[in-house]
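User: I am new to this structure and would like a close look at a single part of it. Please pick one part and explain how it is joined to what lies around it.

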Amino acid sequence: MSGHNWSQKTQMKREEEEEEEDDPFDQMIQRTGCASFHYAVMECMAEHQDWRKCQEQVQSFRSCMAEYQKQRAEEGKRRQKLHQAAS
């Protein structure tokens with residue numbers, strides 16, 4: 001029976017760790033839509049320990065982020081125009 005309790009404690013600890021993983025940085029990356037590219041860079045860096053060997057992943061992440069920033073800027077301009085038209 002004590003083994004069962006240990007399993008429950010282990011499961012609870014895993015759930016707590018998963019909740020902690022949702023830090024603000026991870027949430028921000030998720031909102032960009034570029035999380036998979038970010039994780040690819042992190043995996044490559046963990047594997048190779050040399051950023052020069054991860055240039056393909058870095059460039060993909062950079063392109064994704066540039067597109068996200070472009071879309072945000074366009075959305076901001078649209079909102080500004082709507083706000084000016086409403087004034």
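Analyst: A residue is called exposed when its relative accessible area is over 50%, buried when it is under 20%, and partly exposed in between. With those cut-offs, P24 and R31 of helix 2 are exposed, on the side away from its buried residues. Helix 2 is a neighbour of the part chosen here, which is helix 3.

The model is predicted, and confidence varies along the chain. Helix 3 has the highest confidence, with a mean of 97, while helix 1 (residues 2-20) has the lowest, with a mean of 54. For the chain taken as a whole, the mean pLDDT is 84, and 76% of the residues reach 70 or more.

Helix 3 covers residues 35-48. Its 14 residues reach 20 Å from the first C-alpha to the last, which is close to the 20 Å expected at 1.5 Å a residue. The buried residues on this helix are A35, H38, V41 and C44. Their positions can be read against a general rule. An α-helix has 3.6 residues a turn, so residues three or four places apart point the same way. What do the buried residues of helix 3 pack against? They pack against helix 2 and helix 4.

The contacts with helix 2 can be followed through Y39. Y39 lies in helix 3 and counts as partly exposed, because its relative accessibility is 32%, between the cut-offs of 20% and 50%. Leaving aside residues up to four places away in sequence, Y39 touches D26 and Q30. The C-alpha atom of Y39 is 9.8 Å from that of I29, a residue 10 places away along the chain.

D26 and I29 also belong to the buried set of helix 2, together with T32. Seen down the axis of helix 2, these buried residues fall within an arc of 120 degrees, so they line one face of the helix. They pack against helix 3 and helix 4.

Helix 4 (residues 55-86) is the other neighbour. V41 of helix 3 touches Q57, V58 and F61, again not counting residues up to four places away in sequence. V41 and F61 are also members of the largest nonpolar core, which has 7 residues: I29, C34, A35, V41, F61, C64 and M65. Helix 3 and helix 4 each supply at least two residues of this core, and helix 4 gives the most, with 3. As a general matter, nonpolar side chains tend to be buried together in soluble globular proteins.

Two of the core residues, C34 and C64, are also bonded to each other. A disulfide is a covalent bond between the sulfur atoms of two cysteines. How many disulfides are counted in this model? There are 2. In the first to be described, the sulfur atoms of C34 and C64 are 2.0 Å apart. The torsion about this S-S bond is about -90 degrees, so the disulfide is left-handed. It links distant parts of the chain, 30 residues apart: C34 is in the loop between helix 2 (24-32) and helix 3, and C64 is in helix 4. C34 and C64 are buried.

The other disulfide involves helix 3 itself. It joins C44 and C54, whose sulfur atoms are 2.1 Å apart. The torsion about the S-S bond here is about -95 degrees, so this disulfide too is left-handed. C44 lies in helix 3 and C54 in the loop between helix 3 and helix 4, so the pair ties together parts that are 10 residues apart in sequence. C44 is buried because its relative accessible area is 4%, under the cut-off of 20%. C54 counts as buried because its relative accessibility is 0%. With the bonded cysteines of the chain numbered in sequence order, the pairing is 1-4, 2-3.

The last point concerns the end of helix 3. Just after the helix, Q49 takes a positive phi of about 55 degrees, although Q49 is not a glycine. Q49 lies in the loop between helix 3 and helix 4, the loop that also holds C54. Is Q49 buried or exposed? Q49 is exposed, because its relative accessible area is 63%, over the cut-off of 50%.

Conventions: Residues are numbered from 1 along each chain as its sequence is written. This is a predicted model: local features need pLDDT of at least 70, side-chain atom pairs count only at pLDDT 80 or more; totals for chains, interfaces and linings use all residues. Side-chain values use heavy atoms; hydrogens and water are left out. A disulfide is a pair of cysteine sulfur atoms within 2.5 Å. Helices (H or I, at least four residues) and strands (E, at least two) are DSSP runs, numbered from the N terminus. Buried means under 20% relative accessible area, exposed over 50%, partly exposed in between (1.4 Å probe, protein chains only). A nonpolar core is a set of buried Ala, Val, Leu, Ile, Met, Phe, Trp, Tyr and Cys residues joined through side-chain atoms within 4.5 Å. Contact means heavy atoms within 4.5 Å. pLDDT is the predictor's confidence in each residue, from 0 to 100. The expected span of a helix is 1.5 Å times one less than its number of residues. The arc is that of the directions from the helix axis to the C-beta atoms.
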